[in-house]
Amino acid sequence: MIRGLESINEFVNVMLESKDKFETVKEEFDQKNLAITQCINRFQDKINRIKNSETAIDDEEIMELYTRAVGSLNELLNQVAINMESTRKGMKFISDYEQSFNVVVFGKVKAGKSYLGNFIMGNVIRDAGIASAYDKIERPKVEVYDRGNKWSADKLEEISEEGKEEFRVDPNEATAAIQLFRLGGLTWFDTPGIGSITWENEMLAKDYVDNADLIVYTSNSDAAGTRQDFKEMKELYEKGKKFLLLLTQSDMVEEDCDDDGEIVSVLVPKSDKDRKDTEDYICHTLMENGINNLDRGKEILTVSVKLALNALIDQNEEMFKASNMDQFLHILTEITRNEGAALKLKTPNDRINAAIRAIAEQLKLADEKLQAYSQELKKKQEQLNENNELLLVQMKLECSGRIERLIRQKSREAEDAGKTIKGDELADLICAEIYRVILKNCMEVFEKSEQILTEYKNKIQIQEIGDLKMRKDRIEYEERYVNRVERDPEKFSEHIFHFFGKRYYKLKMETRRKYSTIELGMNDQQIIQGARDQVECLFEEEVPRILKVVSSSVVEPMIRLQENSSICIQDTQRELEQMRC
């Protein structure tokens, strides 16, 4: 047996022995998780009670306005709920795998993640006929999770078995799901690669990384240290995650002659210089990115899984050592044996603290918004109450001016067109103008007045003030004219001729009564005066009532609601602070 198998056997045995070590984490984590969940539920119950307690408003219309007005608060609380749900999701992940040491493999597509995982799982070692500690355990199964679907497999995807090329990645495939297997106290997660097929896959991978106890970051040594690699590693470093950087596939094919003189391809490790140059570049760039505490040979390691498997099959001690897989297995063994319990506890504690911080920050922002809005409402309410009489005068004057301009404009249009504008049409135009004036002035005080006042638009009504039309007058006068009337014969001869039927006439001046209609101009002044009288009536009763609705019926309950919600938020913040690990 080559010495490389000793590192494999030790690794398997430690994984099996460590299983009991992690079971004690469950009870402590469950208690903390339950406490946070109960705190969140209490907060939501309190908020619901606060909202329900403010609904005792008799007027249905005002109640509807109030319900709309609390929409901003509901939206704010919904954001807090979304954050809480996200936190619960991460904590559920920990709960599902809290009895194992969780190692998540992360990196770009085709960086050798599945090569590595299948070697660690051990089935490829068994299938090669190599006796090891893997033989005393049942063959691990791969659990595959992909967007709500779950199934099992004998190995990690991306593998195509063709003789000794069983570790070859199909260049047209990419792992599109989370895959995992359990080995004693170890759970190994193979994640979708950075830049994989879908955005959801990348987000899924990052979610698992956030909840891992140890990250194994893989980067192909042929193209190690891409900008994406360093970006992802910096994020891991800043999150405080413990991670190992593996520069994978550090091998190359050389041609050689066999005993028969035939040219054959031989897999060999990359030269020491190539490996050193790659590691130097990686270390230098990591330092430039503020990551300067990773140890070369321990936390940064160059490996070749394919070379390791070939070496085991050929029982080539030198090649197995050159693959550096014995060193990687030793590192995993030592971390699990010496740091596993602390890391296992650190992950849920960090997650719980992060959850508390995230929720507390959401609550803090919500509280700040609530208090700021409440103060603004109070300030504007004071301004409205203090200036109520002045505001009414200003609005009344503005209404009168606008209505006069409106009527005169319509008067010109009617005169030019020779038509009459009906009284009901004119009344609607005047009411709309009054509403616009009230809305404009209220919105200068309360930015949501439009939503509130819309319900009261139909309450602004005036009595019909008559048709807008041309004024006319009827004038009586006398008209003189000459009329031809019959007269009696005067001379003897006229009498003789009159006897035979001749008639005699004379001219007579007469008078008669006549009538004439004249246009006196449009009746706009009369309509304007009538409109002014109607505005006066509106501003005596209806408009002050509308302002009171804005100021009291909606604003004051909103202020109380926000103040009570703020108290609830502050109580929850203090409760969460006491739960920090």
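In helix 10 of this predicted model, the buried residues are Val305, Leu307, Ala308, Leu309, Asn310, Ala311 and Leu312. The helix spans residues 305–314 and is mostly covered, with 7 of its 10 residues buried. Asparagine 310 is included in that buried set, alongside alanine, leucine and valine residues. An α-helix has 3.6 residues a turn, so residues three or four places apart point the same way. The buried positions of helix 10 include the run from Leu307 to Leu312.

Both ends of helix 10 have a local feature. At the N-terminal end, serine 304 acts as a cap, with a side-chain oxygen 3.1 Å from the backbone nitrogen of leucine 307. Leucine 307 is itself one of the buried residues of the helix. Just after the helix, glutamine 315 adopts a positive phi of about 55°.

Helix 9 covers residues 272–288 and contains threonine 285. This threonine has a relative accessible area of 10% and is therefore buried, the limit being under 20%. Its side chain reaches the backbone oxygen of tyrosine 281 at a distance of 2.8 Å.

These helices belong to a protein with 18 helices and 12 strands. Of its 581 residues, 46% are buried. The accessible surface comes to about 30600 Å², and carbon and sulfur atoms account for 46% of that area. Contacts in the protein often link distant parts of the sequence: among those between residues at least 6 apart, 77% join residues at least 24 apart.

The largest nonpolar core is made up of 47 residues. Ile8, Phe11, Phe119, Trp188 and Phe328 have the most contacts inside this core. Another core lies apart from it and has 24 residues, among them Leu426, Ile438, Ala531 and Val535.

The cysteines can be taken last. A disulfide is a covalent bond between the sulfur atoms of two cysteines. With a cut-off of 2.5 Å between the sulfur atoms, the model has 0 disulfides. For cysteine 39, the closest cysteine sulfur is that of cysteine 568, and no bond is counted because the separation is 9.3 Å, too far for one. Cysteine 39 has a relative accessibility of 1% and so counts as buried. Cysteine 537, by contrast, is partly exposed, because its relative accessible area is 48%, which lies between the limits of 20% and 50%.

Note on methods:
Residues numbered from 1 in each chain as written. Predicted model: local features only at pLDDT ≥ 70, side-chain atom pairs only at ≥ 80, totals over all residues. Heavy atoms only, no water. Helix = DSSP H or I, 4+ residues; strand = E, 2+ residues; numbered from the N terminus. Buried < 20%, exposed > 50% of the residue type's maximum accessible area, 1.4 Å probe, protein only. Polar contact = N/O pair within 3.5 Å; in protein donor to acceptor, adjacent residues only side chain to side chain. Core = buried A, V, L, I, M, F, W, Y, C linked by side-chain atoms within 4.5 Å. Contact = heavy atoms within 4.5 Å. Areas by Shrake-Rupley, 256 points an atom, 1.4 Å probe, with all protein chains shown as cover.
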